[in-house]
Amino acid sequence: MAERYLSELAHVGEERAALAEQNTGSHFLGAVVVQQRATAASEIETRHVIDGQQRLTTLQLLLDAAQEVLEALEHPEGRRLARYVLNHEDLTGGDTSLLFKVWPSRTDQGAFRRAMENGAPTEGFEDSAIVQAHEFFSLQVEQWLTGGENASRRAHALEAALVGLLEMVVIDIDADDDPNVIFETLNARGTPLLASDLIKNFVLHTAESQGIDPERLSAEQWSEFDDPWWREEVRQGRIVRPRIDTYLNYWLVTRTQSDVLASDVFPSFRRYLERATSVSEVVADIRGTSDVYSRLQRAADDQVLSEFLYRWRIMDIRVLTPVLLLLLGRSDVGDEVLGRSLRILESYLVRRMLCRMTTQAYNRLFLDLLSRLASARGGEIPDVIRDFLAQQSAEALLCPPDARVRVAIAELPLYRLLTRGRLRFVLEAIEDSLRSPKTEYQNVPRGSLTIEHVMPQGWHANWPLETSLDQEEAIARRDHLVHTMGNLTLVTGRLNPALSNAGWEIKRAELSKHSLLQLNRELAQADIGTWNENAIQERSQILGDRVIALWPRPGSRGAV
């Protein structure tokens with residue numbers, strides 16, 4: 001805008017500044033909603049910023065940065081710009097919070113003051129976006145002012161652009177008006193705000209109407225959500241949203257025990273809060289449960305959770321999240337009860353995964369489970385989960401019996417039907433089960449080994465068929481069995497290419513020489529003259545027994 005103004009000024013003449021501004025035109029920054037606050041006649045007028053906090057804050061930082069640079073370079077425009085960022089000391093009455101035209105929420109006040117006070121040190125606030133923005137604007141203003149001829153003319157143009165050529169519509173509502181009506185209507189007309197922004201605004205407005213200090217509530221209960229981690233985008237099905245919105249969606253499902261669509265998060269929250277006794281209790285619940293959600297997302301070294309979460313994330317069963325929030329958020333659920341509950345849930349999910357059964361009905365299933373768990377005492381929870389899952393008889397929700405799991409292990413080409421991650425964690429679990437307390441490492445490294453076909457996919461060169469068989473039928477049978485679990489193992493990424501399509505004796509020798517896995521030790525030491533279809537099927541039976549032992553059917557003998 002300053003560049004355009006300079007061009008117009010050169011065209012119409014230095015003495016016709018008003019015409020130059022008119023010809024330049026203005027840049028529209030959108031609408032801002034502010035709400036009047038009751039003040040005495042002797043006090044400075046103040047308003048809450050309902051919508052437009054980011055724009056107003058950014059403009060203040062830009063104005064102050066320009067003012068500071070202009071004043072340091074001894075341009076008179078610097079002194080004039082000061083009135084747009086500072087209130088006159090006669091009006092503040094010594095209240096430092098009234099010094100600035102805009103005053104952010106409590107979380108950002110320290111960084112804002114350091115940025116806005118000329119020459120103030122910024123140590124300790126280097127990571128603040130507010131401080132970084134002010135420094136960016138200062139650098140840009142200084143480079144522009146000194147980067148061309150006639151710095152005084154440029155200083156005048158910059159002042160004209162900042163003060164006269166940037167425009168906003170300001171909606172100034174009375175103290176008794178409901179700002180949410182305007183706030184939601186404005187955001188429904190353009191790019192919608194995040195559900196979390198709408199929820200925060202509604203929470204703070206409700207708090208004030210209940211006589212609760214909204215700034216204190218925000219600082220004590222909501223400031224955690226300003227962490228960039230909560231703003232990172234995550235996938236929820238086909239939708240990509242900030243993590244805070246995803247969390248609030250799951251929190252609502254947990255509390256209402258009903259399905260909440262991504263598009264209905266804010267309306268659902270508003271209905272929930274309107275029925276609640278106290279906004280403080282609701283916000284405290286959101287804040288407390290956020291620690292549980294964070295534990296679900298970050299529990300890499302959590303002995304109780306890490307194994308389950310590793311497999312749960314790979315299976316990608318997000319609709320289970322509300323159940324997990326409930327389990328982890330209850331004070332009467334200790335580690336032992338939690339561990340039993342998670343093992344039952346994992347058995348159910350893994351068995352259905354191996355049998356290639358649908359996940360479409362999981363949403364309704366886990367909502368029903370939520371309702372049952374809400375009324376159960378802590379120590380009863382594992383039994384409630386076990387009995388509930390064992391009672392499912394419809395194909396869409398049935399937990400497959402042992403015989404069906406064995407057939408899946410022996411007959412389904414799981415290498416083609418499952419993702420590598422899902423198949424890998426099953427083989428990892430089997431490997432772990434073969435290790436003893438005397439083994440150097442109790443667990444195989446997670447997610448780093450590759451899946452190897454014992455009889456390779458390209459078996460034709462070094463793995464001849466028996467001549468007595470019908471060749472066409474035998475080829476089809478072998479091509480099918482080669483992808484079943486009985487023919488699969490784990491190796492390192494470097495060993496995998498070395499094995500490639502080599503024959504059985506070479507593979508056996510390489511596995512014996514280089515692999516420390518118990519799975520491969522069994523293969524290398526097996527009394528097998530050749531690795532063929534019979535050997536694959538025999539191993540499938542062994543692995544099937546181990547899978548059933550690792551993930552027993554809920555309600556069956558031997559189940560957790």
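A residue is buried when its relative accessible area is under 20%, exposed when that area is over 50%, and partly exposed in between (1.4 Å probe, protein chains only). Keep that in mind for the exercises below.

This is a predicted model, in which local features need pLDDT of at least 70 and side-chain atom pairs count only at pLDDT 80 or more, while totals for chains, interfaces and linings use all residues. Residues are numbered from 1 along each chain as its sequence is written, and side-chain values use heavy atoms, with hydrogens and water left out.

**Exercise 1. Compare the radius of gyration of the protein with that of a compact globule of 560 residues.**

Step 1. The radius is taken over C-alpha atoms, and the globule rule is 2.2 Å times the number of residues to the power 0.38.
Step 2. For 560 residues, a compact globule would come out near 24 Å, but the protein has 33 Å.
Step 3. Now add the extents: the C-alpha trace spans about 105 × 60 × 45 Å along its principal axes.
Step 4. To round off the overview, 45% of the 560 residues are buried.

**Exercise 2. Find where Glu346 and Arg311 lie, and decide whether they are buried or exposed.**

Step 1. Their side chains meet in a salt bridge at 2.8 Å, N to O; the term stands for a side-chain nitrogen of Lys or Arg within 4 Å of a carboxyl oxygen of Asp or Glu.
Step 2. Glu346 belongs to helix H18 (residues 335-354) and Arg311 to helix H16 (residues 306-315), so the pair ties together parts that are 35 residues apart in sequence. Helices here are DSSP runs (H or I, at least four residues) and strands are E runs of at least two, numbered from the N terminus.
Step 3. Both Glu346 and Arg311 are buried.

**Exercise 3. Describe the salt bridge between Arg287 and Asp291.**

Step 1. The two side chains meet at 2.9 Å, N to O.
Step 2. Helix H15 (residues 279-298) holds both partners, four residues apart, about one turn of the helix.
Step 3. Arg287 has a relative accessible area of 23% and is therefore partly exposed; Asp291, at 42%, also counts as partly exposed.

**Exercise 4. Trace the salt bridge of Arg318, then name the members of a network.**

Step 1. Arg318 pairs with Asp316 at 2.9 Å, N to O.
Step 2. Arg318 is partly exposed because its relative accessibility is 26%, and Asp316, at 38%, is partly exposed too.
Step 3. Elsewhere, Glu307, Arg311, Glu346, Asp432 and Arg446 are joined into one network by salt bridges that share partners.
Step 4. In total, the structure holds 32 salt bridges.
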